[in-house]
Amino acid sequence: MIVMLMLVVATAGCLFGIRYYYSKQVGFLQNTTLNGVDIAGKTAEEVAASLADRYDTSGREVQIMENDEVSIDTTLESLGYRYDRATLEALLTEVYEEQKDDVFILLQTLAVGYEVFSGESYVFDNRAFTSEINSDALAKDRFETEDAKIVFDEDSDTYIVKEGFLGNMIDDSLLQSTIREELDSIVLAGNIPELVTVNIADSVYTSPEPVNNIEELQVEADALTLELRKKQKREFVENASITYTFGTETQVLDSETFSDWFSVDDELNVNFDDEKVKAYVTSLSAKYNTQYHNRTFYSQATGVTVTIPESDNEYGYTILFDSECSKLKENLLSGEDVTREPVYRTSNDYGNPYYLGRQGTDDLAGTYVEVNITRQHLWFYKNGSLIIDSALVSGCVDDEKETKTGAFPLAFKQSPRTLTGDEAGGSGSYSTEVQFWMPFYDGQGLHDATWRSNFGGDIYIENGSHGCVNLPYSVAETIYNNIEEGTAIILYKED
């Protein structure tokens, strides 16, 4: 017990001696460090003063890098980091007093050393930091991830697939925490470099990976382009129109009428509904065809109205059905505005015309030769004006050589012409030269008859012609000099 007591007293004495010794020391004990820096033998004031340069943030440039490019260029002070010497000195003074007064801290320092960690060597302004470190302040524009999509390309006038791309949206809180963490470690370590660079960590980006289903979208894009081409083809055809002319009267065929007559297939071929095309041409023919239709004729000279049956109405217009159907489709496929007459049958196998002119459904248009068999009189009108009228002698009734009634185009005219044929009853043949020959039907025609001294009356019954319309020389000459091939010759009897 005495020994033990002596050891305790000796130990206490040693500790007291050591404590007393070190209490007389100026500055921190040996083995004392501040944030890894040896501060032994220095007072708190001296340490705070010596670390001023090490922890000073003034003039320290900070560059925040994104993809190897400077995105934010600032300073530590602007980011809210400022060296706080007074706080650090107060902390060190407190540590210094503990080392002098606390035997256990003294022993720890002597045995293993004593490390002082100070996060209070600077004052941090979080508001200043967050105002400068955020996604809006970064140099690059922010954009969301976009998946692959179909877009219309105006240059190629097609739908194309635009590949998706990764966005660069950033979570501000993650951006601030990661940059703050790195800057804190640099500032706390001291010896802050003149230029501090911090790379933005991948972890702060929030944009998801894009969906790039290119092949699937390309099929859809091709289908859209095909539909566009079909629509354009349809619009091209619908842009066409046909203005049919009938003299000054017109009839217009436009898309309002024909838009449902055709379709466009996947090869961009235009396919017409032939039944609808035919129906239209049929309606056109029904309205405007005048040949081989019953003809109602009103005589300006006599006021008589007669009907010429369709079988005897060889003058006029007939639309060539198949040719007009083909021409109509050809015009629509051109996509242009076309003005034209319908495709008519214009002449017979001999090249003789079927008509002269028309005004709407009036195919005479004021120009015709009117032959009244009953009254044995003729009138020749041209463009609505009477050129000449005269008595005549038509085909002999008794010899069954009557002149054919009906409406016929003037086949041609010839001067002179020798007429030949058989006499009535087979009594021989005749050969007679005339100066003005104007045929209209199967060897019958208008011509001069210088062998006659009288015209009109009942001459035609017993002493009529072989079927032609005999005229005085001067009358035949006037008609011949003013008439054109295709002029209508209207011959009729009054009821």
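## Calls and cut-offs in a predicted model

Author: Five of the five residues of strand β18 (residues 368–372) are buried, so β18 is largely enclosed by the rest of the structure. The model is predicted.

Reader: What makes both faces of β18 count as covered?

Author: Tyr368, Glu370 and Asn372 lie on one side and Val369 and Val371 on the other, and all are buried. Buried means under 20% relative accessible area. With buried residues on either side, both faces of β18 are covered.

Reader: How do you know that β18 pairs with β19, and in which sense do they run?

Author: Two strands pair if there are at least two bridges between them. Five bridges join β18 to strand β19 (residues 377–382), and the two run antiparallel. In β19, Phe380 is the bridge partner of Val369. The hairpin of β18 and β19 has four residues between the strands, and Gln376 takes a positive phi near 50° there.

Reader: Which sense does the pairing of β18 with β27 have, parallel or antiparallel?

Author: Strand β27 (residues 488–492) runs parallel to β18, and five bridges join them. Asn372 stands opposite Tyr492 in β27. In general, strands of a sheet pair through backbone hydrogen bonds, either parallel or antiparallel.

Reader: What is the strand order of the open sheet of five strands, and which are its edge strands?

Author: The order is β20-β19-β18-β27-β21, with mixed pairing. The edge strands are β20 (385–391) and β21, since each pairs on one side only. Direction ignored, neighbouring strands of this sheet are turned by 15° against each other on average. At the β20 edge, β19 and β20 pair in the antiparallel sense over six bridges. Phe380 stands opposite Ile388 in β20.

Reader: What makes β24 and β26 the edge strands of the sheet of three?

Author: That open sheet has the order β24-β25-β26, with mixed pairing. Each of β24 and β26 (469–471) pairs on one side only, and that makes them the edges. Here the average turn between neighbouring strands is 15°, direction ignored. β24 and β25 are joined by four bridges in the antiparallel sense, against a required minimum of two. Trp437 stands opposite His447 in β25.

Reader: What is the volume of the largest pocket, and which residues are closest to its centre?

Author: The volume is about 810 Å³. Of the 37 residues that line this pocket, Trp437, Tyr441, Asp442, Gly443 and Gln444 are the closest to its centre. At least two lining residues come from each of β21 (406–409), β22 (417–422), β23 (429–434), β24 (437–441) and β25 (444–448). The largest share is that of β22, with six residues. By class, the lining of the largest pocket has 15 nonpolar, 15 polar and seven charged residues.

Reader: What lines the second largest pocket?

Author: The second largest pocket has a volume of about 230 Å³. Its lining has 17 residues, with Arg295, Thr296, Thr361, Asp362 and Asp363 the closest to the centre. Strand β15 (residues 295–298) gives the largest share, four residues. The classes of this lining are five nonpolar, nine polar and three charged.

Reader: How many disulfides does a search of the whole structure find, and why is Cys396 not bonded to Cys468?

Author: The search finds zero. A disulfide is a covalent bond between the sulfur atoms of two cysteines. The cut-off for the pair of sulfur atoms is within 2.5 Å. The closest cysteine sulfur to that of Cys396 is in Cys468, 13 Å away, and therefore too far for a bond. Cys468 is likewise in no disulfide, with the sulfur of Cys396 as its nearest cysteine sulfur.

Reader: Why are Cys396 and Cys468 called buried?

Author: The limit for buried is under 20% relative accessible area. Cys396 has 1%, so Cys396 is buried. Cys468 has 10%, so Cys468 is buried too.

Reader: What makes Gly456 count as buried, and where does Gly456 lie?

Author: Gly456 has 8% relative accessibility and therefore counts as buried, the limit being under 20%. Gly456 lies in the loop between β25 and α12 (459–463). From Gly456 to Asn213 the separation is 243 residues in sequence and 97 Å in space, C-alpha to C-alpha.

Terms used:
Residues numbered from 1 in each chain as written. Predicted model: local features only at pLDDT ≥ 70, side-chain atom pairs only at ≥ 80, totals over all residues. Heavy atoms only, no water. 1 Å grid on protein atoms, 1.4 Å probe; cavity = no way out; pocket = protein on both sides within 12 Å on 5 of 7 lines; lining within 4 Å. Points joined across faces, edges and corners; volume = space filled by probe spheres on them. Nonpolar A, V, L, I, M, F, W, Y, C, P; charged D, E, K, R; others polar. Axes fitted to C-alpha atoms, helices over the stretch in contact; angles between N-to-C directions. Buried < 20%, exposed > 50% of the residue type's maximum accessible area, 1.4 Å probe, protein only.
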